[in-house]
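User: I'm new to this one, so could you take me through a single part slowly? I'd like a close look at the enclosed empty spaces.

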2 protein chains.
Amino acid sequence: MSSARIAPRLPKGMRDFLPADMLKREYVFGVVREVFHLYGFEPLQTPVLELKETLYGKYGEDAEKLIYSAEHPGGKEAVAMRYDLTVPLARVVAQYENEIKLPFKRYQLSPVFRAERPQRGRYREFYQCDADIVGIGSMMADAEIISLVVTALRRLGFRQFSVKINNRKLLTAMGQYAGVPDAQLGDLYRSVDKFDKIGAEGVEKELVERGLEAAAVRRMMGLIQSRQPGLANLDVVEKAMGNIGEAEEALGELRQMAAYLEAFGVPEANTAFDFTMVRGLGYYTGPIFETVITEPNLGSVTGGGRYDDLVGLFRKESLPTVGTSLGIERIIDLMDILKLYPADVVGTVVQVMVTVFNEESRPAAMRLAGELRNGGVQTELYMQDKGLGKQFDYANKKGIRLVAIQGPDEIAQGVIKLKRLSDGSETTVQQAQVVDQIRTLLG
Amino acid sequence: MSSARIAPRLPKGMRDFLPADMLKREYVFGVVREVFHLYGFEPLQTPVLELKETLYGKYGEDAEKLIYSAEHPGGKEAVAMRYDLTVPLARVVAQYENEIKLPFKRYQLSPVFRAERPQRGRYREFYQCDADIVGIGSMMADAEIISLVVTALRRLGFRQFSVKINNRKLLTAMGQYAGVPDAQLGDLYRSVDKFDKIGAEGVEKELVERGLEAAAVRRMMGLIQSRQPGLANLDVVEKAMGNIGEAEEALGELRQMAAYLEAFGVPEANTAFDFTMVRGLGYYTGPIFETVITEPNLGSVTGGGRYDDLVGLFRKESLPTVGTSLGIERIIDLMDILKLYPADVVGTVVQVMVTVFNEESRPAAMRLAGELRNGGVQTELYMQDKGLGKQFDYANKKGIRLVAIQGPDEIAQGVIKLKRLSDGSETTVQQAQVVDQIRTLLG
């Protein structure tokens with residue numbers, strides 16, 4: 001290893017996570033993993049590099065421009081870096097047909113790579129966190145996904161949020177209701193999808209400009225903005241369009257889902273039927289959901305829905321699939337804004353620092369560190385050759401709350417002095433009690 | 001999304017981890033993370049993509065051929081995929097000089113990418129797991145790293161293993177002792193490094209062929225094969241070469257380290273001074289260590305040592321650094337061979353499956369699933385429309401040990417039947433006791 005000294009820097013859009021950030025990230029990852037396990041979702045991992053033929057032709061041309069390709073000297077395969085976790089899931093389900101028992105409930109928590117123009121909050125490597133149920137057409141699965149989202153957000157500490165629920169079939173029916181020709185349904189979705197940005201008037205204007213009849217558009221816009229609580233909102237739509245086949249089907253699914261959500265114990269306050277929610281042109285075929293943090297209004301943190309055709313890309317027959325993506329990077333940031341991280345997730349893993357009084361007491365300090373670690377206490381042993389004052393300073397700066405001191409007197413008496421750095425308070429304990437006492441002091 | 005159907009497959013050397021494998025991997029990752037935290041090592045994460053200028057010129061030409069480069073349409077930066085975790089560490093230490101407090105004790109557990117010819121047990125994406133202490137020259141740090149390795153392996157369940165310890169300075173001194181000119185020291189290391197493969201005679205033959213004096217080579221080979229237990233092995237070398245400055249320094253470090261290992265409580269049975277151990281040409285400057293599983297003889301699972309110059313690649317002044325790499329992929333495989341995975345890490349996350357007796361009892365089943373999850377039980381709700389027998393079959397095949405049944409009778413009585421699938425035994429419990437009873441049955 002040798003080279004001229006090089007300025008240490010990162011490629012555009014890439015991040016390092018130093019320990020304080022990593023501890024927050026791992027806390028969030030840990031909570032969501034725990035919730036996935038509670039719901040019986042199993043972990044899956046796919047490689048960063050996929051064959052280009054697996055990825056290309058799946059995301060649309062604009063997205064394809066953002067895919068990183070990779071190569072090595074003499075390499076013959078065309079490979080590219082993971083762009084999302086859904087296409088790899090479809091590949092896995094087809095590739096391991098004989099190993100995988102359906103339903104396949106899996107989650108994956110992995111980085112994906114997109115060469116987007118870097119900007120605040122948008123990076124070229126970021127984690128996605130997906131949970132999907134492959135092989136179940138029943139609304140039980142859709143309800144379970146929503147229940148999972150609600151539980152995960154509540155366990156993370158979010159309180160004021162709403163899972164907005166709609167159905168792609170209802171959007172199609174809305175098109176019929178407003179007299180939109182089938183060929184123009186894509187335009188309709190695109191316009192309604194802008195509802196949050198350009199408002200009802202903006203959407204209405206766009207649709208009329210696209211040649212739809214003004215009165216029909218106004219009728220439809222009135223309907224999709226209905227905000228009755230719970231099932232009453234479905235009644236409003238049913239009254240207006242119950243005679244349209246696809247609307248009936250969609251409403252039936254949503255009513256079924258509502259009953260299941262209640263059985264799962266999902267609080268009514270955390271869900272709402274919202275007919276303005278579209279979730280892009282995407283690949284959804286049935287119910288769709290999106291969670292927004294409402295108080296304060298901090299936007300969307302999860303999105304998902306039913307997509308019954310996607311798995312068929314790599315397989316003779318498709319499989320009904322429903323899933324959700326937690327916007328894990330956004331959640332990590334919002335938890336800072338809302339101060340949802342527990343106190344012990346802040347700054348350092350170290351619970352106690354063992355000081356070294358002097359050269360002679362070093363072996364005793366090492367023995368103590370060994371004992372604390374055996375006892376399950378996350379322990380740093382101070383290793384520089386400095387006085388106690390400097391050692392306390394170091395611990396303070398690192399955010400370590402407790403230090404253990406064993407000078408010649410304490411060694412002679414077989415005791416240990418514990419000092420809490422926040423208030424300087426000291427406790428002296430017998431060697432045998434030190435682990436318990438530390439637990440008490442750490443609260 | 002639309003495309004012709006494509007055969008689902010992976011690039012060469014890449015792997016998917018289906019749930020059963022992932023659970024084992026996550027168990028191992030969890031144990032080592034816990035041990036890192038006990039020792040006060042903090043998590044770090046660097047991105048998969050680094051600038052080429054960061055990676056190139058660090059690993060040698062042969063290694064450089066294995067580096068994947070990456071690009072995207074219109075991209076202007078020359079970027080490449082992470083090849084190891086040590087060069088990124090050196091970059092991070094230089095780049096965040098003001099944020100990072102020394103000593104910097106960090107671990108990183110991340111995939112790296114190497115386009116090696118795929119073969120059994122060798123993949124192009126694999127995890128590395130490194131722990132390093134940057135900024136401490138004292139042998140306390142070296143001893144702590146060895147103590148960490150021993151604790152991690154013991155917690156994973158390994159019993160018969162030995163951390164072999166040597167010192168690069170001692171190897172240099174051996175060269176002097178055998179009359180090897182400085183320019184030929186590299187040849188000496190290379191030959192001794194083959195000791196395990198070609199044996200003492202092979203090494204001796206190579207060295208003589210390289211023009212070294214046969215008698216001196218024989219004397220040195222006798223010395224490096226000394227196998228006295230513990231410190232006695234250092235005495236043997238001291239007697240022979242105590243007058244060589246570098247040998248004296250090396251022996252002083254190793255004696256100091258031995259004293260610290262004892263203070264940390266590292267069992268003597270788990271360490272041995274082994275002067276045939278070289279660890280390649282690498283960047284090591286002082287003590288080096290390598291752990292081998294001895295019983296059965298399963299080869300090396302960790303390697304590391306002191307490398308005081310590397311961090312200087314990105315920084316005006318270097319910093320003394322010592323660290324280790326756990327061969328985590330090898331460890332994951334060996335744990336299978338040695339049957340070290342706990343019983344509850346096998347097959348599925350699901351602890352209980354809630355069956356659905358019939359259409360009418362479905363809401364009750366969902367309520368029960370919700371309650372179990374609230375109580376911390378990892379629960380799958382059966383979602384297909386099949387009879388109880390088929391439901392038991394499904395649970396059995398998935399490796400789920402317990403199923404919960406609530407038919408019309410149980411619902412009427414407010415009780416739940418729990419059935420253990422291994423022996424078919426059934427217990428009926430009150431709703432309020434169900435979580436406790438499940439915990440008991442799961443043991």
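Analyst: Let's start with the word itself: on a 1 Å grid over the protein atoms alone, a cavity is a set of points where a 1.4 Å probe fits but cannot get out, and its lining residues have an atom within 4 Å of a point. Rolling a probe the size of a water molecule over the atoms shows where empty space is left. For volumes, grid points are joined across faces, edges and corners, and the volume is the space filled by probe spheres set on the points.

A word on the ground rules. This is a predicted model, where local features need pLDDT of at least 70 and side-chain atom pairs count only at pLDDT 80 or more, while totals for chains, interfaces and linings use all residues. Residues are numbered from 1 along each chain as its sequence is written, chains are lettered from A and ligands numbered from 1 in the order in which they are written, and side-chain values use heavy atoms, with hydrogens and water left out.

So, how many cavities of 30 Å³ or more are there? The count comes to two.

The largest cavity holds about 70 Å³ of space. Chain A gives its lining Arg15(A), Phe17(A), Arg25(A), Glu125(A), Phe126(A), Tyr127(A) and Glu329(A), and chain B adds Gln45(B), Thr46(B) and Pro47(B). Strand S6 of chain A (residues 125-134) supplies the largest share of that lining, three residues; strands here are DSSP runs (E, at least two residues), numbered from the N terminus. By character, the lining splits into four nonpolar, two polar and four charged residues. In that scheme Ala, Val, Leu, Ile, Met, Phe, Trp, Tyr, Cys and Pro count as nonpolar, Asp, Glu, Lys and Arg as charged, and the others, Gly among them, as polar.

Now for the second largest cavity, with a volume of about 60 Å³. Here chain B brings Arg15(B), Phe17(B), Arg25(B), Glu125(B), Phe126(B), Tyr127(B) and Glu329(B), and chain A brings Gln45(A) and Pro47(A). Three residues, the largest share of this lining, come from strand S6 of chain B (residues 125-134). The lining of the second largest cavity divides into four nonpolar, one polar and four charged residues.

To place the chain A residues, it helps to know that chain A is divided into domain 1 (12-137 + 308-347) and domain 2 (349-442), with bounds that come from an automatic or database domain assignment. The centres of these two domains of chain A, taken over C-alpha atoms, are 42 Å apart.

How values were computed:
1 Å grid on protein atoms, 1.4 Å probe; cavity = no way out; pocket = protein on both sides within 12 Å on 5 of 7 lines; lining within 4 Å. Helix = DSSP H or I, 4+ residues; strand = E, 2+ residues; numbered from the N terminus.
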